[in-house]
Every structure is written in C-alpha cells, then in structure tokens.
Amino acid sequence: MKEQEIVPWDVKRILLGQTPAAFLLEVVVRTAVVYVALLVVVRLLGKRMSGQITILEMGVMLSLGAIVSVPFLTPDRGIVMGVLLLVAILALQQGVSWWGTRSPKVEVLSQGRATPLVRDGVMLLDELERAAVSREQLFAVLRGKQVEHLGQVKRVYLEACGLFSVLRAQDPRPGLAVVCPSDLALFEHDSSRFACSTCGNLGDRAAAESAPCARCGRREWLAPVSGRKASDAGNATEQKQ
C-alpha cells in the first residue's frame, strides 16, 4: 500500500483493511474448514500432542500454526493448499516417529534424551549448566516432590519432554538441605560431616575444614540435614492423618 493512499482515521481501512467486506463471511467459512482439518490432523498425531511435548512435537505445532494462518486470512490463497500442508506435516511426523521406533539414533536425534541432574545426593553441576537449570529451580522441583534434603534423592532426571523425574533413595543419608534457609531450624543436622554448599557432596568434618570439595573444588561447607526434629516430625504425621 502506497503512502499517499493512507488516509488518517479511515475507520473502514483500519477495521477491514483493503479486503472487501464480503470476504468477512468467507473468512468464517475458511476458519471453520481449516479448524476442522487441524483438529483431525492433531487427533491423528496422537495423545502426546496434548501433553508435555518433545522437541519434534514442538516443531510440528509451530509448523501447524504457520500453515493455518495463510488460508484463514489471505483471500488469494485457497484452502486446499493449507490442508495439503497439514497432511504433509502429519506424514512427516508419523514417518519420523515410525523410524525412531526402529532406530535408537533417530529417536535420540528427534526426541532428545533424559539428562541426569542429581546422582546419589550430589548435584551434577556440568549437567545443570548444560540444561540451563539453576539450583533454585532444582530445589523447587524437589520441594514439590516432598524432598527435604539431597540425601533423600537417588537420581533426578530432566526428561526429554521437559518434566523432572525424582527417584528417592531407599536408605536416605544426611544431605544438603533444599528448604528455605529460614526453615533450617526445623531439622536435625549431622555435626560429624559437612556438605558442600555448591554441589551437595558430603565430606568428613575434619577433612572438609582444610580441603576443597572433591567434586567441584569449592570450599564452602554446611552442616548436612539428617532429618526433621522429633517434634516437627510428629506434627507432620498428625497432619497427614
């Protein structure tokens, strides 16, 4: 549209643009047809598309959004082209999924793989950095799983779909607290050992005072949490009952 054709405060142009008013009715028909086609394609893509989606599925969803916008609003583009593109995306996604079930390499490339973030009560700092997950984000997830300290955790995985999986240790040991600092008074602490405040690695108290952490090399140590105080544990049991 040329600059000289623009008339300030032209209500018809602002609301309808240069499209004839009769095209508004056609937009309704186009929207209904493409919407039904989109629902059919998403239904055929499977239940995963309505849940936590993987990288491949995210790409498919973004492509679907780009495809359906053209037949919705562009008067010189037909609906058939958009529907054909939807079918092509469906075939591509189903083909890659089928290939992935038969080739582990293709599955990893298309879906991604789980990333370990905690192993035996110790945070894997390199993996946290690679996954762009902060310690506070990890602690928030653990608190949501009713975990009070890292000694209760066997493994934490960041799944390919973005979910966190927490595997509890069968025999909990003292560990770095994941609760807020103001709540540390609610817990018993193991005075014979230290926990690295950076990664959670446990060390002997006497050795830790003079040596860096064997895992991350830091020298900041805290007394590890060994469990709730007797009074608080009793109150928690009563609340559950």
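The sheets and nonpolar cores of a predicted model are described below. Residues are numbered from 1 along each chain as its sequence is written, and side-chain values use heavy atoms, without hydrogens or water. Local features need pLDDT of at least 70 and side-chain atom pairs count only at pLDDT 80 or more, whereas totals for chains, interfaces and linings use all residues.

Four strands (DSSP runs of E, at least two residues, numbered from the N terminus) form an open antiparallel sheet in the order β2-β1-β3-β4. Strands count as paired if DSSP finds at least two bridges between them. At the edges are β2 (122-123) and β4 (164-168), each paired on one side only. Strand β1 (residues 115-119) is joined to β3 (residues 153-158) by four bridges; Pro 116 has Tyr 157 in β3 as its bridge partner.

Another open antiparallel sheet has three strands in the order β7-β6-β8. Because β7 (202-204) and β8 (221-222) each have a single partner strand, one side of each is left without a neighbour in the sheet. Two bridges join β6 (residues 193-196) to β8, and Cys 196 is partnered with Trp 221 in β8.

The largest nonpolar core (buried Ala, Val, Leu, Ile, Met, Phe, Trp, Tyr and Cys residues joined through side-chain atoms within 4.5 Å; buried means under 20% relative accessible area with a 1.4 Å probe, protein chains only) has 17 residues. Met 123, Leu 138, Leu 142 and Val 156 have the most contacts (heavy atoms within 4.5 Å) inside this core. Two or more of its residues come from each of β1, the helix α7 (135-144; helices are DSSP runs of H or I, at least four residues) and β3. A second, separate core of 13 residues includes Ala 37, Val 60, Ile 67 and Ile 89.

How values were computed. Buried means under 20% relative accessible area, exposed over 50%, partly exposed in between (1.4 Å probe, protein chains only).
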